[in-house]
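Colleague: Hey, got a minute? I'd like to go through this model with you.

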Amino acid sequence: MTPVQSSDTPSQKGDYPWWLIALILIAAALALVIAANDIFTQVFTVVLKGLGVTVFVTLVGFVLATLLGLGVALMALSGHVALRQIARFYTEVIRGVPILVLLFYIAFVGAPALVTAANFVAAPLISAGWMEAFVVRDVSLMWRAIIALMIGYSAFIAEVFRAGIQSVDKGQVEAAKALGLSRYQRFRLVVFPQAIRVILPPLGNDFVAMVKDSSLVSVLGVADVTQMGKIYASGSFRFFETYSIVAYVYLVLTIGLSLALRAVEQRLRRSQVR
């Protein structure tokens with residue numbers, strides 16, 4: 001019988017995370033520079049005003065994209081051919097459109113079309129004077145950006161969910177069916193708890209990617225970190241200081257999230273081995 005080998009090879013055990021130590025030292029050095037230099041402190045204070053918008057756009061956009069992506073994935077795994085074809089059409093089209101183009105399309109084409117459709121549906125109420133007609137400016141640019149990120153990432157997340165659900169052993173699903181569990185019970189009690197271990201790592205990567213892509217909302221004038229830096233740089237002409245701080249803020253966010261997600265992934269692996 002072949003002896004069971006440890007999951008950590010000698011090379012992995014000796015692979016000390018010097019890269020992480022280097023990043024921490026660089027981040028600490030930059031933090032000291034920001035604290036000691038008045039110009040960097042001023043830039044950092046201005047840029048930090050957009051952090052709340054960046055976090056809000058990312059969190060809301062990702063939650064909505066996850067819900068929509070799960071729905072599309074379930075359609076792709078449906079027993080109905082029409083639903084499968086619609087889901088496939090959606091994912092292929094959306095994945096083929098760049099996020100920046102999707103932002104412009106939703107903001108300047110989708111939102112006006114949505115307002116026109118809403119006015120058409122509510123035409124009897126508007127003509128009776130019971131409500132006012134909708135105007136395009138009622139849909140804020142921030143929510144247009146959130147909707148664009150939701151649609152753009154939902155197609156990728158749908159593929160993550162589909163692959164994770166299909167990775168579950170079909171024998172367990174058949175056993176659950178033999179026990180008399182309904183389709184919903186099989187999904188909730190058998191399929192999803194096992195699929196989430198496969199889904200979580202790529203889902204975390206998509207979340208980190210959305211943090212970075214949230215900077216694209218600045219093209220619509222949304223006051224996120226990038227937009228606040230752009231405004232300050234255009235007024236002060238201190239481009240080096242400004243965009244160094246902007247890059248620093250995004251690096252702290254993305255690397256911090258990546259490390260946290262890696263820790264969660266390792267914990268899931270340990271629980272799976274046990």
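Colleague: Which residues touch the most other members in the largest nonpolar core?
Modeller: Keep in mind that this is a predicted model. In that core of 33 residues, the ones touching the most other members are Leu103, Leu149, Tyr153, Ile157 and Val217.

Colleague: And which helices supply at least two residues each?
Modeller: Helices H4 (51–76), H6 (99–121), H8 (141–166) and H10 (183–213) each do that. H8 gives the most, with 12 residues.

Colleague: Okay, what is Leu103 in contact with, leaving aside its neighbours within four places in sequence?
Modeller: Ala145, Ala148, Leu216, Val217 and Leu220.

Colleague: What's in the second, separate core?
Modeller: That one has 13 residues, including Ile34, Val246, Tyr248 and Tyr250.

Colleague: Let's switch to H6. Where does H6 bend, and by about how many degrees?
Modeller: At Ile106, by about 40°. Ile106 is also buried, and so are Ile99, Leu102, Leu103, Ala107, Ala111, Val115 and Asn119 in that helix.

Colleague: What do those buried residues of H6 pack against?
Modeller: They pack against helix H7 (123–127), H8 and H10.

Colleague: Many of those buried spots are three or four apart. Why would that matter in a helix?
Modeller: An α-helix has 3.6 residues a turn, so residues three or four places apart point the same way.

Colleague: Back to Asn119. Why does Asn119 count as buried?
Modeller: Because its relative accessible area is 18%, and buried means under 20%. Leaving aside neighbours within four places in sequence, Asn119 is in contact with Ile126, Ala133 and Phe134.

Colleague: How about Thr54, buried or exposed?
Modeller: Buried, with a relative accessible area of 1%. Thr54 is found in helix H4.

Colleague: What does Thr54 contact, apart from neighbours within four places in sequence?
Modeller: Ser214, Asp224, Val225 and Tyr250. You've met Tyr250 already, as one of the residues in the second core.

Colleague: New topic: where does UniProt place the "transmembrane region" feature?
Modeller: The unreviewed UniProt entry puts it at residues 16–36, 56–77, 97–121, 141–165 and 245–264.

Colleague: How much helix is there over residues 16–36?
Modeller: In the model, that span is 90% helix and 0% strand, with its end C-alpha atoms 32 Å apart.

Colleague: And what about residues 141–165?
Modeller: That span is 100% helix and 0% strand, and its end C-alpha atoms lie 35 Å apart.

Notes:
Residues are numbered from 1 along each chain as its sequence is written. This is a predicted model: local features need pLDDT of at least 70, side-chain atom pairs count only at pLDDT 80 or more; totals for chains, interfaces and linings use all residues. Side-chain values use heavy atoms; hydrogens and water are left out. UniProt positions are given in the numbering used here, feature names are shortened, and annotations may be inferred rather than shown by experiment. Helices (H or I, at least four residues) and strands (E, at least two) are DSSP runs, numbered from the N terminus. A nonpolar core is a set of buried Ala, Val, Leu, Ile, Met, Phe, Trp, Tyr and Cys residues joined through side-chain atoms within 4.5 Å. Buried means under 20% relative accessible area, exposed over 50%, partly exposed in between (1.4 Å probe, protein chains only). Contact means heavy atoms within 4.5 Å. The bend at a residue is the angle between axes fitted to the seven residues ending there and the seven starting there.
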